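Here's a quick tour of a fold, its empty spaces and the way some of its helices pack. Have the viewer open while you read.

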Amino acid sequence: MILVTGATGSYGAAAIDHLLAKGTDASDIAALVRNPEKATDLKAKGVEIRQGDYLDKDSLVKAFTGVDKLLFVSGSEIETREAQHENVVKAAKEAKVGHILYTSFVRKEEITDSAISFLQDTHIKTENWIKDSGLPYTILQNALYMDMIPMFVGEAVVEHGAIVLPAENGKSTAVLRNELAEAAAEVILGEGHENKVYPLSNNDAYTYADVAEAISKATGKEVVYNSPSVDEFQKMMEENKVPAEYIGLFTAFSVAQAKGELELNDNTLEKLLGRKPTTMADFVKTVYA
Ligand code: NAP
């Protein structure tokens, strides 16, 4: 039995769709959901629904019973995520799951003062808990979702004719979430992936100047890229009444990109997919053309 957590979310749902598309029988897939009412689509596909919450370890032990492959999708609630992840790993060990796969985030080991440490610290701890559990594991170090480009550049980017982010000329090897989920399905169904750490990144790196150029080409309207200082950027965002949480997020990811944290030179994802991942330019065409 394969169990996918976060199955009502975008990545988990996509992973299940890829498992089904690759020929897995729906009766061999279970989905962990907090709220079964959100799982009607999954149920209609024939997937078994198991109720559980990362905050409730007992519910997880019950849900993980009899699971050979557990795709543990990292939680989305930053404040409680560490305790949630500790529960998931403890429950996986208690339920003796056969193999745990975890969606971590890409990182460069040489960077010790990460601009996105608020995310990375929990991932590092979780990876270590998993390794210490003694369970066979695969760590999927997912790149930044390329799907987030429209959020980072802003809804009105074409109207304003500018991308404004303090990312300097830093590059990103972001990937479409759906392709990261496809790679997870490939690892679940494949062999020889035990006790491996896979950085999952795009082949080609892009800057925000490249994104501006791609949007210009897709729309026929000129979009330029400006990289202000962090202070200038934050002041501008505050003046535009952007919520503090988003200002923090945009700043952190931009600074991480400026420092080279989001750019990896690795083709593991290409090997798993059996093709090159979708490029930024092709993705931008689907959104803006
Ligand atoms: P998403 O759509 O927000 O899905 C998150 C899933 O986690 C949902 O199914 C949610 O259930 C479930 N979940 C949250 N808290 C839970 C809890 N306490 N117990 C059980 N399930 C819980 O996120 P996504 O886009 O699929 O991405 C998957 C994960 O990747 C995120 O959770 C986050 O950790 C990480 N992420 C990565 C990137 C990246 O760029 N690589 C970007 C964003 C997020 P409900 O439906 O009940 O809320």
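A crossing of two helices is right-handed if the near helix is turned clockwise from the far one by less than a right angle, and left-handed if the turn is anticlockwise. Keep that in mind for the helix pairs below. One more thing up front: what you're looking at is a predicted model.

**Helix packing**

Two packed helices are described by the angle between their axes and the distance between the axes. Let's start with helix 1 and helix 8 (residues 177-189), which pack at an angle of about 50° with their axes 8 Å apart. Angles under 35 degrees count as roughly parallel and 65 to 115 as roughly perpendicular, so helix 1 ends up oblique to helix 8. As for the hand, helix 1 passes helix 8 in a right-handed crossing.

Here are the helix pairs together:

| Helix pair | Axis distance | Angle | Hand |
|---|---|---|---|
| Helix 1 and helix 8 | 8 Å | about 50° | right-handed |
| Helix 9 and helix 13 | within 9 Å | roughly 45° | right-handed |
| Helix 4 and helix 5 | within 10 Å | roughly 15° | right-handed |

Helix 9 covers residues 208-219 and helix 13 covers residues 280-288, and their axes cross at roughly 45°. That makes helix 9 oblique to helix 13. What about helix 4 and helix 5, whose axes cross at roughly 15°? These two are therefore roughly parallel to each other.

**The sheet**

Now for the strands. Seven of them, or in full an open sheet of 7 strands, run in the order 3-2-1-4-5-6-8 with parallel pairing. Which strands stand at the edges? Strand 3 (48-51) and strand 8 (196-200) do, and each has a single partner strand, so one side of each is left without a neighbour in the sheet. From one strand to the next, the twist averages 20°.

If you'd like one pairing to zoom in on, try strand 1 (residues 2-4) with strand 2 (residues 29-33), which pair in the parallel sense over 3 bridges. Leu3 has Ala30 of strand 2 as its bridge partner.

**The largest pocket**

Rolling a probe the size of a water molecule over the atoms shows where empty space is left. The largest pocket holds about 1300 Å³ of space. Its lining takes in 40 residues, with Ser74, Gly75, Ser76, Glu77 and Arg81 lying nearest the centre.

Several elements met above turn up again here: helix 1 (10-21), strand 2, helix 4 (81-94) and helix 5 (117-133) are among those that each supply at least two residues of this lining, as are strand 5 (99-105) and helix 11 (244-258). Helix 11 has the largest share, 5 residues. By class, the lining of the largest pocket has 17 nonpolar, 15 polar and 8 charged residues.

**The second largest pocket**

The second largest pocket has about 510 Å³ of space. Of its 19 lining residues, Val153, Gly154, Glu155, His160 and Met237 are the closest to the centre. Which elements each supply at least two residues of this lining? They are helix 6 (149-153), helix 7 (157-160), strand 7 (162-164) and helix 10 (230-239). Helix 6 gives the most, with 4 residues. The class split for this lining is 15 nonpolar, 3 polar and 1 charged.

**The cavity**

How many cavities of 30 Å³ or more does the structure hold? The count is 1, and about 50 Å³ of space lies in the largest cavity. Its lining is made up of Leu144, Tyr145, Met146, Met148, Ile149, Phe152, Ser172, Ala174, Tyr206, Tyr208 and Gln257. Sorted by class, that gives 9 nonpolar residues, 2 polar ones and no charged residues.

Terms used:
Residues are numbered from 1 along each chain as its sequence is written. This is a predicted model: local features need pLDDT of at least 70, side-chain atom pairs count only at pLDDT 80 or more; totals for chains, interfaces and linings use all residues. Side-chain values use heavy atoms; hydrogens and water are left out. Two strands pair if DSSP finds at least two bridges between them. Axes are lines fitted to C-alpha atoms, for helices over the stretch in contact, and angles run from 0 to 180 degrees between N-to-C directions. On a 1 Å grid over the protein atoms alone, a cavity is a set of points where a 1.4 Å probe fits but cannot get out, and a pocket is an open set with protein on both sides within 12 Å along at least five of seven lines; lining residues have an atom within 4 Å of a point. Grid points are joined across faces, edges and corners, and a volume is the space filled by probe spheres set on the points. Ala, Val, Leu, Ile, Met, Phe, Trp, Tyr, Cys and Pro count as nonpolar, Asp, Glu, Lys and Arg as charged, and the others, Gly among them, as polar. Angles under 35 degrees count as roughly parallel, over 145 as roughly antiparallel, 65 to 115 as roughly perpendicular and the rest as oblique.
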